[in-house]
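Visitor: I'd like a close look at one part of this model. Could you walk me through it?

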Amino acid sequence: MRASRIVQLLLLLQTRGRLTAAQLAAELEVSVRTVYRDVEALGAAGVPLYGEAGHAGGYRLVEGYRTRLTGLTENEADSLFLTGLPGPARELGLGAEVAAAWLKLTASLPPELRDRATRVQQRFHLDAPSWYAEPDDTPALAAAADAVWRERRVHLHYHRWRAPTEVTRTVDPYGLVLKAGRWYLVAAGKRISTYRVSQIRDLTVLDESFPRPAGFDLAAYWASYLADFDARRHVDTATVRISPDLRERLVDAVEPSVRRAVEDTASPPDGDGWVTATLPIEKMDHALRLILGFGADIEVLAPAELRERVRASVAALARTYSPG
């Protein structure tokens, strides 16, 4: 552990130039006193570095010195694809490996390319979670990731929305997917299924390997799963009239399916600029909330049940907010 940290300290000085003990401590997540001991160890090992006192001081390497200790460990190499996702990397238990891999990569670059890589990191940032959503609590994630990587069968206790809500499964974990800040486990039992990791109540990695199908493509499966999920959740359609203002606002609609449906099915505008379109809808309760969210800029023409429920809800709101 200490040897790895000392190498990281050396690489930090090589890639960034002068750094104070406090800056090094923050990067390495250790105390300043630990940094002092590591710097002494580097000096005793013959590494040409020196300290400068004063407000603008710090530690730095002698000009022109470069270490060749930039080889990646197995875990660091495995984590390379997560170098732009530090948050998910930490959730998978690979935060330290990602930081070390990135540091070794930048240290191995010539100065001009290293500067460009640093500029990219400073100017572009990927934030995976969606707006207005609390992050999932995923205590089973690290164990699931370990099972996926080592191709070990798992036994899980899972909470789902339909009855029976509590189920147990023994499955072969094929992969993990991060979607809008939420982790999903793709695993095969009797068939390939998708499990939201935050809903896994308990997960045990078994000492039993499984044969991973040679032709299984995680990205292709996920794209197919999303398409199938979208088709299954839209069980009906509604015919609606939409105002010109709402058509413009649909660019930022919460439901992308609504925007696509209007683009595909809208009639020519009438004299007031309104269009008639056919929207995919889920259950009536969901459709009611969707329609009410658009206010007076939308009118339901069919089905009659949805139109009546909208009318009743609007009447109830009018009674609630009527003066006196």
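Visitor: Which residues does tyrosine 36 touch, not counting residues up to four places away in sequence?

Guide: Keep in mind that this is a predicted model. Leaving out residues up to four places away in sequence, tyrosine 36 touches Ala21 and Tyr59. As for where to look, tyrosine 36 sits in helix α3. Its relative accessibility comes out at 41%, so tyrosine 36 counts as partly exposed, given that buried means under 20% and exposed means over 50%.

Now for the helix pair around that spot. Helix α2 covers residues 21-28 and helix α3 covers residues 32-44, and their axes come within 8 Å. The two axes cross at roughly 100 degrees. Anything from 65 to 115 degrees counts as roughly perpendicular, so that is the label α2 and α3 get relative to each other. On the α2 side, the contact is made by Ala21, Ala22, Leu24 and Ala25; on the α3 side, Val32, Val35 and Tyr36 do the job. So Tyr36 is one of the α3 residues making this contact, and Ala21, which tyrosine 36 touches, is among the α2 residues in it.

If you want a backbone distance to go with that, try tyrosine 36 and alanine 25: their C-alpha atoms are separated by 9.4 Å, with the two residues 11 apart along the chain.

Note on methods
Residues are numbered from 1 along each chain as its sequence is written. This is a predicted model: local features need pLDDT of at least 70, side-chain atom pairs count only at pLDDT 80 or more; totals for chains, interfaces and linings use all residues. Side-chain values use heavy atoms; hydrogens and water are left out. Axes are lines fitted to C-alpha atoms, for helices over the stretch in contact, and angles run from 0 to 180 degrees between N-to-C directions. Helices (H or I, at least four residues) and strands (E, at least two) are DSSP runs, numbered from the N terminus. Angles under 35 degrees count as roughly parallel, over 145 as roughly antiparallel, 65 to 115 as roughly perpendicular and the rest as oblique. Contact means heavy atoms within 4.5 Å. Buried means under 20% relative accessible area, exposed over 50%, partly exposed in between (1.4 Å probe, protein chains only).
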